[in-house]
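Biologist: Could you pull this one up and walk me through how the helices pack? I'd like to hear about any enclosed space and odd backbone spots too.

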Amino acid sequence: MMAGDSGMQMHANSKLAGTNLADVLELSGMADDIAASAIRADTIERVLSALVASGRTADAARLLAYALPRREAVWWACMCARHSAPATLPDATEAARSLAENWVRQPDEDTGRQAMEAARRAGLQSPESWAAVATFWSGMSITASGVLPVPPAPHLAGTAVASAVALASVRGNASRRDARLTAFLRSAQDIATGGAGRLPMEAA
């Protein structure tokens, strides 16, 4: 998606290709904002390009949290969290991220529930915790195992991913936010086209 630091370029095999723009704008709550910004675009790719070109990388990242398929979005949240993480994390926070990454590799309801519990133990204050919450909200039900299933609201997974990415962008040193968001968008580009989206750990 990213073409340098100032634009977005969509590849034919992108997992965003064919994404319904109206649905993404509704889920993200950004429909009115995009309309007020006079962005006249008919695809998610063009909206993202317009946002990046106008310096609105935070809004582009937020939109991507809802536009990417859920497994890819959760993985992206984990990669963003890894990039800005300190050298050591509390055990509960590390466990939350590990469970989220395991869920991406093999999605199942039990792992999603374990990830949610780890996020709660970690305090729901970190990017790792919100990546873990996103796994639970990406599942088939938000009720306990053996209880009548209740599916999560469609916007919840994107909300958790957006929270993880936003927290990762300002962790420790908010002055690094813009540089981090640029790196995060590169990661999303790679993930959307089938890559791992890995980013180097940030220098202290």
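Modeller: Sure, what follows is a run through helix pairs, a cavity and two loop residues in a predicted model.

Biologist: Let's begin with H5 and H9: how are they oriented to each other, roughly parallel or roughly perpendicular?
Modeller: H5 covers residues 70–84 and H9 covers residues 156–170, and their axes lie 8 Å apart. The packing angle is about 15°. Angles under 35 degrees count as roughly parallel, so the pair H5 and H9 is roughly parallel.

Biologist: And how do the residues of the contact of H5 with H9 divide into nonpolar, polar and charged?
Modeller: On the H5 side you have Arg70, Ala73, Val74, Trp76, Ala77, Cys80, Ala81 and Ser84, and they meet Ala157, Val161, Ala164, Val165 and Ala168 in H9. Sorted by class, the contact comes out as one charged, one polar and eleven nonpolar.

Biologist: What hand does the crossing of H5 and H9 have, left or right?
Modeller: With the angle at about 15°, the sense of the turn still gets a label. For H5 and H9 that label is left-handed.

Biologist: Next pair: which residues of H8 make the contact with H6?
Modeller: H6 spans residues 91–105, and its axis comes within 8 Å of the H8 axis, crossing at roughly 35°. That crossing is left-handed. H6 brings Thr93, Ala96, Arg97, Ala100 and Trp103 to the contact. From H8 come Glu128, Ser129, Ala131, Ala132 and Thr135.

Biologist: How many residues in the contact of H6 with H8 are charged?
Modeller: Five residues there are nonpolar and three are polar. That leaves the charged class, with two.

Biologist: How is H1 set against H4, roughly parallel or roughly perpendicular?
Modeller: The axes of H1 (residues 21–28) and H4 (residues 57–67) come within 9 Å and cross at roughly 110°. The range for roughly perpendicular is 65 to 115 degrees, so H1 and H4 count as roughly perpendicular.

Biologist: Which residues of H4 touch H1 there?
Modeller: This crossing is right-handed. H1 contributes Val24, Leu25, Leu27 and Ser28. Over the whole contact, six residues are nonpolar, one is polar and one is charged. The H4 partners are Arg62, Leu63, Tyr66 and Ala67.

Biologist: Now the empty space. How much of it lies in the largest cavity?
Modeller: Using 30 Å³ or more as the cut-off, the structure holds one cavity. Its volume is about 40 Å³.

Biologist: Which helix gives the largest share of that cavity's lining?
Modeller: The lining is Trp103, Asp108, Glu109, Gly112, Arg113, Thr135, Phe136, Gly139 and Ser141. Two elements give two or more residues to the lining: H7 (109–122) and H8 (127–137). The largest share is three residues, and the helix behind it is H7.

Biologist: How many of those lining residues are polar?
Modeller: The lining of the largest cavity has two nonpolar residues and three charged ones. The polar count is four.

Biologist: Last topic, the backbone. Where is Ala38, and what is its phi?
Modeller: Ala38 sits in the loop between H2 (31–36) and H3 (44–53). Ala38 is not a glycine, yet its phi is positive. The value is about 60°.

Biologist: And which loop holds Leu124?
Modeller: Leu124 isn't a glycine either, and it has a positive phi of about 55°. Its place is the loop between H7 and H8.

Notes: Residues numbered from 1 in each chain as written. Predicted model: local features only at pLDDT ≥ 70, side-chain atom pairs only at ≥ 80, totals over all residues. Heavy atoms only, no water. Axes fitted to C-alpha atoms, helices over the stretch in contact; angles between N-to-C directions. Helix = DSSP H or I, 4+ residues; strand = E, 2+ residues; numbered from the N terminus. Parallel < 35°, antiparallel > 145°, perpendicular 65-115°, else oblique. Left-handed = near helix turned anticlockwise from the far one by under 90°. Contact = heavy atoms within 4.5 Å. Nonpolar A, V, L, I, M, F, W, Y, C, P; charged D, E, K, R; others polar. 1 Å grid on protein atoms, 1.4 Å probe; cavity = no way out; pocket = protein on both sides within 12 Å on 5 of 7 lines; lining within 4 Å. Points joined across faces, edges and corners; volume = space filled by probe spheres on them.
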